[in-house]
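Reader: Hello! I am new to this structure and would love a close look at a single part of it, followed by a walk outward from there. Could you take me through it step by step?

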Amino acid sequence: MSAKAISEQTGKEFLYKHICTSAAVQNRFRYANVTAETDLDRLAQEHPWLLTERLVVKPDQLIKRRGKLGLVGVNLDLNGVREWLKTRLMRETTVGKAKGVLKNFLIEPFVAHKQEEEFYVCIYASREGDYILFHHEGGVDVGDVDAKAKKLLIGVDEKISEDSVKKELLTHVPNDNKGLLASFIVGLFNVYEDLFFTYLEINPLVVTTDGVYVLDMAAKIDATADYLCKAKWGDVEFPPPFGREAYPEEAYIADLDAKSGASLKLTLLNPRGRIWTMVAGGGASVVYSDTICDLGGVNELANYGEYSGAPSEQQTYDYAKTILSLMTREKHPDGKVLIIGGSIANFTNVAATFKGIVRAIRDYQVPLKEHEVTIFVRRGGPNYQEGLRVMGEVGKTTGIPIHVFGTETHMTAIVGMALGHRPIPNEPPVAAHTANFLLNSSGSSSTPASSRTASFSENKAKVEDSPAKKAKAGAPITKATTLFSKHTKSIVWGMQTRAVQGMLDFDYVCSREEPSVAAMVYPFTGDHKQKYYWGHKEILLPVYKNMSDAMKKHPDVDVLINFASLRSAFDSTMETMQYPQIHTIAIIAEGIPEAHTRKIIKTADKKGVNIIGPATVGGIKPGCFKIGNTGGMLDNILASKLYRPGSVAYVSRSGGMSNELNNIISRTTDGVFEGVAIGGDRYPGSVFTDHVLRYQDSPGVKMIVVLGEIGGTEEYKICQAIKEGRITKPVVCWCIGTCATMFSSEVQFGHAGACANQASETAMAKNKALKEAGAFVPKSFDELGEIIISVYDDLVAKGIIVPAEEMPPPTVPMDYSWARELGLIRKPASFMTSICDERGQELIYAGMPITEVFKSEIGLGGTLGLLWFQRRLPRYACQFIEMCLMVTADHGPAVSGAHNTIVCARAGKDLISSLTSGLLTIGDRFGGALDAAAKQFSKAFDSGMLPMEFVNKMKKDGKLIMGIGHRVKSINNPDMRVQILKDFVKQHFPSTQLLDYALDVEKITTSKKPNLILNVDGFIGVAFVDLLRTCGGFTRDEADEFVEIGALNGIFVLGRSMGFIGHYLDQKRLKQGLYRHPWDDISYVLPEHMSM
């Protein structure tokens, strides 16, 4: 959603903080907020003017016409305000159809003034610019300002001036006030523009000899501009419409939505209702709500919401569990129904999202059964068969009645089943599996010359196979009427490998001679080639760092598919329009600020560029070209016969619903000729009539389908064109959003533009007007398919449409990754791992989620236990590991490892190189004695050898005892590191048999030489063997295996790495130069034969 209403207090704060005008704006920041928790005496201390001035008090909850409703207390002192609030604060009241509690009030200074000092001013956004409405008589009785007020349009990218304001708006204002008002209105407009307002109304605006007073204000801002205006806005709270409570669950989902690239929306309408929905897609969610209301369920509809944009399994789980939690709080005498619906997805992996929902159902299976919940599921799209399977399976295993349907069932049929208006089929027809479409049944890998015999439309439309011609120099620029042909070439902005591969697969099944994607642009990498499949063989597509190189090297490209993010889509689109070879741009990103979109539209109109989007999946011309992910995966392309042209063209706002139209049209007619989803924003780059008139002028199009929507007035242009005879082909049209007028409070649907600001923008009003104009309008979306087949059959009967003979399309091999997803193949893994799994939403260490790792406070030692030993070790074991890391962290710069690290650092090498240089010195002579000591002492102890026998044998064999001896420390100068560890081990370990054995060996060796002590390496080695053998987590064989494979040396490597890094940083910090060893520390000798 883009335009969001803000409170009066927030709007005035923005205005007072940022307005720049020569007019004296009075009472700046003089307002106080009152809620049920407010102490008025303390409030008076914070705002002393409350005690000295006359006051106005009013609710600040997005309530219109408060004065006429008696909801404004005027000319009161603070005690009067207190008394006035007593009868209103936290009291329920009715405003229109909405019933709500008054809980938030605003107190401001009362401004004494005359009626003739009141004015009305309003600024609101439109497609062509921003309108300023001004009326010289403001106040409660201003009346129909649209009819009365003076109006000034400030076009997109145009500047406002005081002269134009005076000339166009202030003709009835006394001359004394003209300069003041003109300056204020210019300043007001600049604030409106700079802070991305979409609506700003002040009524009344009072002008006295003291200056300007803003009495009442209503405003909306473009919430998508948050990334641009955060510094000016701060943290903005968007209050819910009056009559609807702000629920914490809504805030939770809004927070999930803000942190996700997907779209997650939830609005609670009636938490006690029995009909709950969990619908995928902005357009589909509206259609399901419409159908529920049409079938009499408006009073039982509990929520509106949608999830779309390929949410992950975890995100879908979080969304689903929120809804399941809400619907299992209060029982309903008739039980409850949950409708998990959706159109046919273009790119969302249905199985992945359904697995999230299934997890939530399993978690809530007990309360779901207690509340007698029945679930109805209908979905299509990538991997939907697997999604439906797991959904049906969870119904069987939990005992919850779950009825599952796929694309063979009309999208909203499950609503009638859920509400008892339609029987539930015992054996729903099973749609063909994805694999059935993609695997070659003929055994041939050759590509047929054509996928279909020439269709009627193709015979009459040969001109459409060539790209649109450019206007001659000096001629007025007109937009191309044919957007795509079999020869269309495009550039894709963004590294969208899956979308590009989908386009190439579509090209292949359409028997195109060449791929439709000529190149990709991705500014975050250097120029390179990207590998893709063209049917059975691999090809390389160039990827460029900048647009100019791509355009120069591919002059035949005339389409850009822009996958840039909402933050960079504007700049990349504006840059692309500098190149005259481009005549069509599809902008996929959702959430582009409206002001930016309007600038794109103005530039596109000037340059003759067709814009599809923003906030769209794109469009498709069967047999010719498809934009990105439009049409879904190849199984849906084939099922909906989108590989060859039909006779029906459509235009829709919703991307998901456009795919549903592909399905409906393919089942009821000879198929789609062209389809475009213009996008769900308030100001799409192209509008319905742009495409409907193109279809009217395309000989191959025999009938037109339009899926309109609540909000805006573009559908009326279709009515006018039909009436004027500009459109003569049959138009089947339905506007979704009919349920909006049945709700008691305003609901913002999934699309930003799906909101009616006046009666003419409602879906019902538009459907009525379309029918009266001569369009074919069904009674509901449920009947859309029936109307389409009726019109189509009539055209066939008249001979206007001659269905062509169907031919099989070429076979495209299935991608390995998708075949594996469908369970069609298996392959031995190249790697096996048992310690970590990063594939899910949460990192897992040896079966323990990372959140649990932190909750359990197992520390670094416990984490090492999970990753090295696949066990959760006892607390004392974790502490011992951490102590070992601490005592082995460093032993000064003189030892070989530290020395190497220092020399390397001083040679200018990087951290990794210097660290590696030090680590490579670790071995039997330096630091690597842990493993060797553990093995030697264990072998001697396990064989029953006495300590003296062990010492004597090692001496006889001429071998050193690993872990015995120190260059500096001795029995008289003990190593405190060993002492610290010994005290801990003796206190906490259940048994120290091997350590005791090693200490007995030490007694023997130190009796011969005082420095032959059990050193820190030897101590850690033998103590670790005791730990592994006696902590209870390992068998004897497992403990011995860890010693054998070198786990103990890892302790020294890990610990000493900290010291090596410290030495590296120390040398860099001290800015030490290149190390050169001094001559006097080197003994230069001649070879023996020369010295003799």
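Author: Happy to. Let us begin with Gln315, which is found in helix 11, the stretch of residues 313–327. Keep in mind that this is a predicted model. Leaving aside neighbours within four places in sequence, Gln315 is in contact with Ser260 and Ala262. Thr407 makes a handy second landmark: Gln315 and Thr407 are 92 residues apart along the chain, and their C-alpha atoms are separated by 24 Å.

Now for a sheet. Four strands form an open sheet in the order 15-17-18-19, and the pairing is parallel. Strand 15 (275–277) and strand 19 (402–405) stand at the edges, each with a single partner strand, so one side of each is left without a neighbour in the sheet. From one strand to the next, the twist averages 15 degrees. Inside this sheet, look at strand 17 (residues 336–340) and strand 18 (residues 373–378), which pair in the parallel sense over five bridges. To find your place there, note that Leu338 stands opposite Ile375 in strand 18. As general background, strands of a sheet pair through backbone hydrogen bonds, either parallel or antiparallel.

For the antiparallel kind, turn to strand 13. Strand 1 (residues 3–6) and strand 13 (residues 217–222) pair in the antiparallel sense over four bridges. Strand 11 (residues 197–208) also runs antiparallel to strand 13, joined to it by five bridges. Ala219 in strand 13 is a good residue to pick out: Ile6 stands opposite Ala219, and Leu200 stands opposite Ala219 as well.

Further along the chain, there is an open sheet of seven strands with mixed pairing, in the order 22-23-21-20-24-25-26. Its edge strands are strand 22 (528–534) and strand 26 (610–612), each of which pairs on one side only. Neighbouring strands of this sheet are turned by 25 degrees against each other on average, direction ignored. Helix 18 (residues 497–509) packs on the sheet, touching strand 20 (490–493), strand 21, strand 22, strand 23 and strand 24 (559–562). The direction of helix 18 makes about 45 degrees with that of strand 22. Within the sheet, strand 21 (residues 517–521) and strand 23 (residues 537–544) run parallel and are joined by two bridges. Val521 stands opposite Tyr544 in strand 23.

Next comes a pair of helices. The axes of helix 35 (residues 947–957) and helix 37 (residues 993–1008) come within 9 Å and cross at roughly 55 degrees. That angle makes helix 35 oblique to helix 37. The crossing of the two helices is right-handed. Where they meet, helix 35 offers Pro947, Met948, Phe950, Val951 and Asn952, while helix 37 offers Tyr997, Asp1000, Val1001, Ile1004, Thr1005 and Lys1008.

Last, a word on the cysteines. A disulfide is a covalent bond between the sulfur atoms of two cysteines. Counting a pair of cysteine sulfur atoms within 2.5 Å as a disulfide, the count comes to zero. Take Cys739: the closest cysteine sulfur is in Cys293, 4.8 Å from the sulfur of Cys739, which is too far for a bond. Cys739 is buried, because a relative accessible area of 0% falls under the 20% limit. Cys904 is buried too, with a relative accessible area of 14%.

Terms used: Residues are numbered from 1 along each chain as its sequence is written. This is a predicted model: local features need pLDDT of at least 70, side-chain atom pairs count only at pLDDT 80 or more; totals for chains, interfaces and linings use all residues. Side-chain values use heavy atoms; hydrogens and water are left out. Buried means under 20% relative accessible area, exposed over 50%, partly exposed in between (1.4 Å probe, protein chains only). Two strands pair if DSSP finds at least two bridges between them. Axes are lines fitted to C-alpha atoms, for helices over the stretch in contact, and angles run from 0 to 180 degrees between N-to-C directions. Angles under 35 degrees count as roughly parallel, over 145 as roughly antiparallel, 65 to 115 as roughly perpendicular and the rest as oblique. A crossing is left-handed if the near helix is turned anticlockwise from the far one by less than a right angle, and right-handed if clockwise. Contact means heavy atoms within 4.5 Å.
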